[in-house]
Amino acid sequence: MKKQLLFIVLMMLPLAVGARSTNIDGINYNLNSSNKTAEVAYGGYSGNLVIPSSVTKSEVDYTVTSIASNAFYNCPGLISITIPKSVTTIATKREFFYNTKKLTSIIVEEGNPNYDSRENCNALIETASNKLLYGCNGAFIPDGVTTIGVDAFRECKELTSLVIPNSVTTIEDGAFDKCTGLTSVYIGTGLENIGEYIFNECDNLKTFEINSNTLVSKNYSSEEMNVGGLFWGAPVEEVILGEEVTSIGDWAFVRSGMTSVKMSDNVTTIGNYAFWECAWLTSVELSDNLTYIGEWAFTSCHSIPSITIPESVRCIDLIAFYWCDKLTKVAINSNEVVARENEQFYTLRSCFGPQVREFVFGEDVKKIAYIACSESEKLTTVTILGNLTCIEDSAFHKCTSIADFYCYAEQVPETGKDVFVDSNYKNATLHVPAASVEAYKSAEPWKDFGNIVALTESEPNPSGIISANDDVTTGEQYYSLDGKHTATPLRGLNIVRLKDGTTKKVVGK
C-alpha cells in the first residue's frame, strides 16, 4: 500500500509543480521576483517548442535562465525544442525526456556558454565537459563528444543506426536502453569504459562493429562481467572486431547474446573465458594471425557446429571449446597444436570435448602427437591432408567409433607404438591415394584396417559447406575446407559446388 501511495505522489508531482507555475504564451515558468529570472516548468508540451530568452509578466521582465528537471517529462506530442543562449542551467536527471517519443530536434542557440547542439546534431551537449546529456530520434553523436550520459538516448525508438566517434571514451548506464529500432552500431577507437545495460532491449540490433582495442583487450574479472560481458542485453546477430582490435581480454564477451563473431587478422590472442556461455553463438571466424586461445574461451557455446583453427595458432588451452554440445567438426591447420611442439601435454578431446565426430588436419600438419586424438569416443571421420609424416604413440587410442580415415599422404607416414590400440580401426575404411594403396596394405599398423581403398574425387563424403553464403546457380564455385570462397582451387582438399547445385570434394595439386 505504501508503494502504491508513493507511486501516485510521484506521478502527481509534475502536475503539482505546474499548478504553482505561471503560463506565458503557452509555456509554464517558475518566476523568481528577487532576481528577475524565469525557469521553464512542466507543461505537457507538444509540437515545436521555442523557448524565449525573456518573458514579461505584470510589466516585469524576466530572463529565462533555467529549465526544471521535470519540464519535458511525459510529453508524447513534443516534436522539437529550441533552447536560447540565456539558459545556463538545466536540471537534468534520469528520464529527463521520458515519453517524448516524437522528439526529433533539439536546438541550442549559438552563443550559449554552457550548452550546445554542435553540427546540428539534435542533441544536448554540456560544452565544458563535451558530455552528450540527451539525444532524440533525429540525433547523431558529433566528433568531439567524450562521454554519452546516463539514459541519453533511452527509448529513442526511431534511431536505426549509430556511429560512436573515436572521441568518445565513456558510455554511461542505459545510454541506449530500449532503442528498439537500432539495427547497427559502429564503435570507434577511443571507447574505454562502458556502464551497464547500455544496449538493453535493443531487440533488432543485427550488426555490431567494435574498433576499440582498449575496451576489448581489457582483462575483466568475473565480478565485473557477471551480468554478461560487454554490451550485455543486446541480442546482436553479428559482432565484427575491426582492424584496431589486436586482442580479446578475459571475460570480455561472456554470456553475450551474439550469434556470430568475425575477427580481423590483427587479433592475435583470445583471453580466458572470453566467449564463455555465449549460448547463441553459431559462427566464429578466427583471425588468420591468431596465436593463442585461452582456457574456457568458448566453453559452453552450445550452438557452434564447427570451428577452423588457423595455422598461426600456437596454443589452445584446456577446455577452450569444452561443453560445446553441437561442435562436431573441427578443422585444424596448426601443426604446433596437433604436434604439441610447444611441449604442452593435452589431448584434443580436452580442448574440444568428447562430442567431436570429425577432425580435419590441414596441409600444415606434419605430425600428430602422442595421445593427441585419444579417447575421442564419438570420432567417426578423420581427414589428413598430404604433408603428414608422423603419427606418434597411441595417437588414436580408444577412438571406438572410427568408420572412415582419409589420408592424402602419398608416402606412408611413420607411426609409433599402439597408434590405434583399442580403437575401431579394424572395422573402418582407410582411404589413401590410388598410387599408394599397396604401400599402405603392407605397412604396420595401416594394413590392419578393415578395408583399404583408393581415394576418389567425391571423397571424403561432403558433410556441408561451412559458412558459405553465396547463392550460386550457374558455373562451378570453389571453397576451402572452412567454407571460404576462392577464385580457383587451392592446393590440397577443396569443396566444389557444381552448376547443378551439387557438391563434391577434390584435391588441388
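This short talk walks through one protein chain, from its overall make-up to single residues.

Good morning. Please keep in mind throughout that the structure before you is a predicted model. I shall begin with the chain as a whole, then turn to its strands, its loops, two residues within strands, and finally its cavities.

Let us start with the overall make-up. The chain contains five helices and 39 strands. Of its 509 residues, 51% are buried. The exposed surface comes to about 22300 Å², and carbon and sulfur atoms supply 47% of that area. We may also ask how the contacts are spread along the sequence. If we take contacts between residues at least 6 apart in sequence, 44% of them join residues at least 24 apart.

I now turn to the strands. One open sheet has six strands in the order β14-β16-β18-β19-β21-β23, and the pairing is parallel. Which strands stand at the edges of this sheet? They are β14 and β23, the latter covering residues 283–285; each has a single partner strand, so one side of each is left without a neighbour in the sheet. On average, neighbouring strands of this sheet are turned by 10° against each other, with direction ignored.

Within that order, consider β18 and β19. Strand β18 spans residues 207–210, strand β19 spans residues 238–241, and four bridges connect the two in the parallel sense. To find this pairing in the viewer, look for E209, which stands opposite I240 in β19.

Further along the chain, three strands can be followed by way of β32. Strand β30, residues 381–384, runs parallel to strand β32, residues 404–407, and four bridges join them. Here T381 stands opposite D404. Strand β32 also pairs with strand β34, residues 429–432, again in the parallel sense, over three bridges. In this second pairing, Y406 stands opposite H431.

A general remark may help when you inspect any of these strands. In a regular strand, the side chains alternate between the two faces of the sheet.

Next, the loops, where three residues deserve attention. What is the sign of phi at D151? Phi is positive there, near 60°, and the residue is not glycine. D151 belongs to the loop between β13, residues 147–148, and β14, residues 161–164. Is D151 buried or exposed? The cut-off for a buried residue is under 20% relative accessible area. D151 has 7% relative accessibility, so this residue counts as buried. Leaving aside residues up to four places away in sequence, D151 touches R94, E95, Y134, D173, G174 and A175.

S300 offers a second case. Its phi is near 65°, also a positive value in a residue other than glycine. S300 is placed in the loop between β24, residues 292–293, and β25, residues 306–309. With a relative accessible area of 9%, S300 is buried.

The third loop residue is a proline. The peptide bond leading from E444 to P445 is cis, with omega near -10°. P445 sits in the loop between α5, residues 437–441, and β35, residues 451–454.

Let us move from loops to two residues that lie in strands. V64 is part of strand β6, residues 60–67. Its relative accessible area is 0%, and V64 is therefore buried. Not counting residues up to four places away in sequence, V64 touches several residues, among them Y29, A38, V40, I51 and V87. V64 and P84 are 20 residues apart along the chain, and their C-alpha atoms are separated by 8.3 Å.

I125 is found in strand β11, residues 124–126. I125 has 0% relative accessibility and so counts as buried. With residues up to four places away in sequence again set aside, its contacts include N114, Y115, R118, L132, L133, P142 and V145. Between I125 and T147, which lie 22 residues apart along the chain, the C-alpha separation is 9.6 Å.

Finally, the cavities. How many cavities of 30 Å³ or more does a search of the whole structure find? The search finds two. The largest cavity holds about 60 Å³ of space. Its lining is formed by F208, L230, F231, A234, V236, V239, F253, S256, G257 and M258. You may wish to locate F208 first, as this residue has already come within our view: strand β18 spans residues 207–210.

That concludes the presentation. Thank you for your attention.

How values were computed:
Residues numbered from 1 in each chain as written. Predicted model: local features only at pLDDT ≥ 70, side-chain atom pairs only at ≥ 80, totals over all residues. Heavy atoms only, no water. Pairing = 2+ DSSP bridges. Buried < 20%, exposed > 50% of the residue type's maximum accessible area, 1.4 Å probe, protein only. Axes fitted to C-alpha atoms, helices over the stretch in contact; angles between N-to-C directions. Contact = heavy atoms within 4.5 Å. Areas by Shrake-Rupley, 256 points an atom, 1.4 Å probe, with all protein chains shown as cover. 1 Å grid on protein atoms, 1.4 Å probe; cavity = no way out; pocket = protein on both sides within 12 Å on 5 of 7 lines; lining within 4 Å. Points joined across faces, edges and corners; volume = space filled by probe spheres on them.
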